[in-house]
Amino acid sequence: MSASFDFSGKCVLVTGGGVGIGRSIVEAFAGAGARVMTIEHRADRADALRAEMPDVLVLDGDVTRSADVSALVGEAERAFGKLDLLVNNVGDFLVMGPLETMSEDDCDRVLTTNLTQVMKVTRALIPLLRKAAPGSGVISVSSIEAFRGIPNCVVYGAAKAGITGFTQSLALELAPEGIRVNAIAPETTDTPQLALDYVLPAKNRAHLDKWIPLGRFGQPQDCAGAALYLASELSGWVTGTTIHVDGGALAASGWYRTPQGQWTNTPLISGNAIEFPEG
Ligand SMILES: NC(=O)c1ccc[n+]([C@@H]2O[C@H](COP(=O)([O-])OP(=O)(O)OC[C@H]3O[C@@H](n4cnc5c(N)ncnc54)[C@H](O)[C@@H]3O)[C@@H](O)[C@H]2O)c1
């Protein structure tokens with residue numbers, strides 16, 4: 001994948017690079033010659049990444065904590081002195097259930113993890129992005145749920161929709177300096193957060209080809225490919241927008257109720273595919 005992209009001399013920071021989509025983006029940019037840094041809140045994942053990719057700078061830290069964000073900026077300044085690309089990858093639905101059952105703390109946590117930290121991390125790194133401008137950029141990992149409703153994940157859906165507005169407005173602010181701001185919106189992608197065997201048991205997969213037009217769920221590399229494109233000069237006239245990495249799912253779209261009253265976005269052939277809690 002990286003053969004046609006050369007990011008030698010470029011400095012890239014990916015939040016949450018330990019596993020999943022973030023890890024794949026780390027691998028893609030390191031493979032394309034970039035110097036890569038990540039911040040990871042799980043020590044076991046940070047250690048594994050250090051062991052497997054010793055050239056990647058791995059910081060222990062939580063992007064929802066201001067002190068850790070300050071330390072991240074300091075480390076990026078010290079190690080890189082500039083930033084060509086920030087990838088806001090961290091995000092997590094965290095809690096699943098009807099809105100009225102969520103505690104205030106749950107609501108705050110989901111909003112902070114999926115939107116507030118993205119704005120704060122980006123804000124803190126604009127001075128370093130400016131040092132690499134024109135040509136530097138921000139990519140945030142959103143979700144297909146920013147573009148359709150998702151029952152039982154209302155705050156997550158709202159936060160991801162917020163990424164769309166954040167991306168559009170910041171793109172306008174930074175365009176005069178040649179800093180581009182875009183987003184990637186994946187449909188279900190096989191990562192530790194959404195391990196398919198858990199989310200969608202094999203017995204429910206018979207009609208996958210009728211659900212996802214391209215006939216499969218995503219792999220983390222699908223998003224990494226979009227990130228390489230959005231960071232490269234091939235997308236030099238692209239800003240303020242979102243690439244849907246979804247196998248055509250948004251084009252097909254639509255959530256449906258099963259006869260049992262549960263939510264599903266699978267065609268009503270064999271009942272519910274995602275086994276949501278009752279409600
Ligand atoms: N996997 C999917 O199907 C899917 C679908 C739509 C959107 N997304 C979005 O893609 C992004 C990546 O998702 P994923 O499935 O790869 O997740 P994941 O949970 O598998 O991986 C996320 C990584 O970030 C780290 N992390 C989480 N919170 C952190 C924090 N506060 N500070 C530092 N590190 C933190 C985790 O330890 C992990 O290494 C998220 O923004 C998610 O919302 C994923």
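**Figure 1. The whole protein, linked across its sequence.** Among contacts in the protein with a separation of 6 or more, 70% join residues 24 or more positions apart. Keep in mind as you look around that this is a predicted model. The protein has nine helices and nine strands. Of its 279 residues, 43% count as buried.

**Figure 2. The shell of residues around the ligand.** Here you can find the 29 residues that surround the ligand. The closest are Gly 16, Gly 18, Gly 20, Gly 91 and Gln 193. Which helix gives the most to this shell? Helix H1 does, with three residues. Both H1, which covers residues 20-31, and strand E2, which covers residues 35-40, supply at least two residues each. If you sort the shell by residue type, you get 15 polar, nine nonpolar and five charged residues.

**Figure 3. Helix H1 meets helix H8.** Two packed helices are described by the angle between their axes and the distance between the axes. For H1 and H8, the second of which spans residues 220-231, the axes come within 8 Å and cross at roughly 50°. Angles under 35 degrees count as roughly parallel and 65 to 115 as roughly perpendicular, so H1 and H8 are oblique to each other. The crossing in which H1 passes H8 is right-handed. On the H1 side, look for Gly 20, Ile 21, Arg 23, Ser 24, Ile 25 and Ala 28. They meet Pro 220, Gln 221, Cys 223, Ala 224, Ala 227 and Leu 228 in H8. The residues of this contact of H1 with H8 include eight nonpolar, three polar and one charged.

**Figure 4. Helix H3 beside helix H4.** H3 runs over residues 66-79 and H4 over residues 104-131. Are these two helices roughly parallel or roughly perpendicular to each other? They pack at an angle of about 25°, with their axes 10 Å apart. An angle under 35 degrees counts as roughly parallel, and H3 and H4 are therefore roughly parallel to each other. H3 passes H4 in a right-handed crossing. From H3, the contact uses Val 69, Val 73, Ala 76 and Glu 77. From H4 come Lys 120, Val 121, Ala 124, Leu 125 and Leu 128. Seven residues of the contact of H3 with H4 are nonpolar, two are charged and no residue is polar.

**Figure 5. A close look at Ala 30.** This residue sits in helix H1. Is Ala 30 buried or partly exposed? It has 19 C-beta neighbours inside 10 Å. A buried residue needs 20 or more, so Ala 30 counts as partly exposed. Setting aside neighbours within four places in sequence, you will find Ala 30 in contact with Val 36, Met 53, Asp 55 and Val 56. Try locating Cys 11 as well: Ala 30 and Cys 11 are 19 residues apart in sequence, and their C-alpha atoms are 9.7 Å apart in space.

**Figure 6. Thr 188 in a loop.** Where does Thr 188 lie? Its place is in the loop between strand E6 (180-186) and helix H6 (196-199). With 21 other C-beta atoms within 10 Å, Thr 188 is buried, because 20 or more is the cut-off for that label. Thr 188 and Phe 217 are 29 residues apart in sequence, while the distance in space from C-alpha to C-alpha is 5.9 Å.

Note on methods:
Residues are numbered from 1 along each chain as its sequence is written. This is a predicted model: local features need pLDDT of at least 70, side-chain atom pairs count only at pLDDT 80 or more; totals for chains, interfaces and linings use all residues. A residue is near a molecule or strand if its C-beta atom, placed from the backbone, lies within 6 Å of it. Helices (H or I, at least four residues) and strands (E, at least two) are DSSP runs, numbered from the N terminus. Ala, Val, Leu, Ile, Met, Phe, Trp, Tyr, Cys and Pro count as nonpolar, Asp, Glu, Lys and Arg as charged, and the others, Gly among them, as polar. A residue is buried if 20 or more other C-beta atoms lie within 10 Å of its own, exposed if 12 or fewer, and partly exposed in between; C-beta atoms are placed from the backbone. Two residues are in contact if their C-beta atoms, placed from the backbone, lie within 7 Å. Axes are lines fitted to C-alpha atoms, for helices over the stretch in contact, and angles run from 0 to 180 degrees between N-to-C directions. Angles under 35 degrees count as roughly parallel, over 145 as roughly antiparallel, 65 to 115 as roughly perpendicular and the rest as oblique. A crossing is left-handed if the near helix is turned anticlockwise from the far one by less than a right angle, and right-handed if clockwise.
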